[in-house]
Amino acid sequence: RSRRPVAQVPSKLPARRSHYARTIEMVARQHNLYPELLHAVVRTESAYNPSAVSSAGATGLMQLMPGTAKRYKVKDIWDPVENLRGGAEYLRDLLDMFDNDLRLALAGYNAGENAVIKYGNRIPPYPETQRYVRKVLQFLWAERASAGS
């Protein structure tokens with residue numbers, strides 16, 4: 001699998017977060033999302049590492065699967081802005097699909113919307129997905145707390 005080289009990114013999490021903060025804010029606003037939510041998802045998915053690759057083949061800041069990237073017309077999955085845009089569009093669609101139920105949207109982001117639908121619009125009984133939803137929400141609360149201070 002070929003990879004496009006990514007620009008040098010700081011090694012420490014706070015510096016990586018800061019490196020992408022303006023872009024995340026811009027993309028979040030374009031998709032009617034709170035920047036804190038996008039930060040929480042990015043931190044959970046990749047810890048702000050644009051070169052991250054999961055064992056399942058998800059890549060980039062938002063850990064997009066190739067099919068999701070194609071669905072959202074992400075031309076270069078390794079481009080942080082494109083990756084964020086595709087992930088934000090998917091998250092926005094999930095929120096719309098599940099009547100702005102954040103927990104269900106996050107479960108759909110992790111396990112796919114069909115898994116949430118299959119289980120009667122509930123978080124699927126997959127331990128990974130249940131941990132994922134809790135982790136994103138914890139990071140979201142931390143983001144909101146730091147934004148409020």
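Six residues of helix H5 (residues 102-111) turn out to be buried, namely Leu104, Ala105, Leu106, Ala107, Gly108 and Tyr109. The model behind this picture is a predicted one. So what covers the buried residues of H5? The cover includes H2, H4, helix H6 (113-118) and helix H7 (127-148). Both ends of H5 have something to show as well. At its start, the backbone nitrogen of Arg103 has a side-chain oxygen of Asp101 within 3.1 Å. After H5 comes Gly112, and the phi angle of Gly112 is positive, near 95 degrees.

Two of the helices that help cover H5, H2 and H4, also meet each other. The axes of H2 (residues 35-46) and H4 come within 11 Å, with a crossing angle of roughly 115 degrees. That angle makes H2 roughly perpendicular to H4. The H2 and H4 crossing is right-handed. On the H2 side, the residues involved are Leu37, Leu38, Val41 and Val42, and they meet Leu84, Ala88, Leu91 and Leu95 of H4. Sorted by class, the contact of H2 with H4 has 8 nonpolar residues, no polar ones and no charged ones.

H2 has a second partner in H7. Here the axes come within 8 Å and cross at roughly 130 degrees. H2 and H7 are therefore oblique to each other. The crossing of H2 and H7 is right-handed. From H2, the contact draws on Glu36, Leu37, His39, Ala40, Val41, Arg43, Thr44 and Glu45, while H7 brings in Tyr132, Lys135, Val136, Phe139, Leu140, Glu143, Arg144 and Ala147. The mix in the contact of H2 with H7 is 8 nonpolar, 2 polar and 6 charged residues. Leu37 and Val41 are worth a second look, since they appear both in the contact with H4 and in the contact with H7.

Back in H4, two arginines stand out. Arg85 sits in this helix. Is Arg85 buried or exposed? Arg85 counts as buried because its relative accessibility is 19%, and the cut-off for buried is under 20%. The Arg85 side chain reaches the backbone oxygen of Lys73 at 3.0 Å. Lys73 is also on the list of residues that Arg85 touches, along with Val27, His31, Tyr72 and Val74, once residues up to four places away in sequence are set aside.

The other arginine, Arg92, is found in helix H4 (residues 80-97) too. Arg92 is buried, with a relative accessible area of 15%. A polar atom of the Arg92 side chain lies 2.6 Å from the backbone oxygen of Asn32. Which residues is Arg92 in contact with, leaving aside its neighbours within four places in sequence? The answer is His31, Asn32, Leu33 and Asn100. His31 links the two stories, as it is in contact with Arg92 and is touched by Arg85.

Finally, Ala47 offers a look at a loop. This residue is placed between H2 and helix H3 (66-71). Ala47 is partly exposed, its relative accessible area being 26%. Not counting residues up to four places away in sequence, Ala47 touches Leu13, Arg16 and Val42. Val42 has come up before, as one of the H2 residues that meet H4. Ala47 and Leu61 are 14 residues apart along the chain, and their C-alpha atoms are separated by 7.6 Å.

Methods:
Residues numbered from 1 in each chain as written. Predicted model: local features only at pLDDT ≥ 70, side-chain atom pairs only at ≥ 80, totals over all residues. Heavy atoms only, no water. Helix = DSSP H or I, 4+ residues; strand = E, 2+ residues; numbered from the N terminus. Buried < 20%, exposed > 50% of the residue type's maximum accessible area, 1.4 Å probe, protein only. Polar contact = N/O pair within 3.5 Å; in protein donor to acceptor, adjacent residues only side chain to side chain. Contact = heavy atoms within 4.5 Å. Axes fitted to C-alpha atoms, helices over the stretch in contact; angles between N-to-C directions. Parallel < 35°, antiparallel > 145°, perpendicular 65-115°, else oblique. Left-handed = near helix turned anticlockwise from the far one by under 90°. Nonpolar A, V, L, I, M, F, W, Y, C, P; charged D, E, K, R; others polar.
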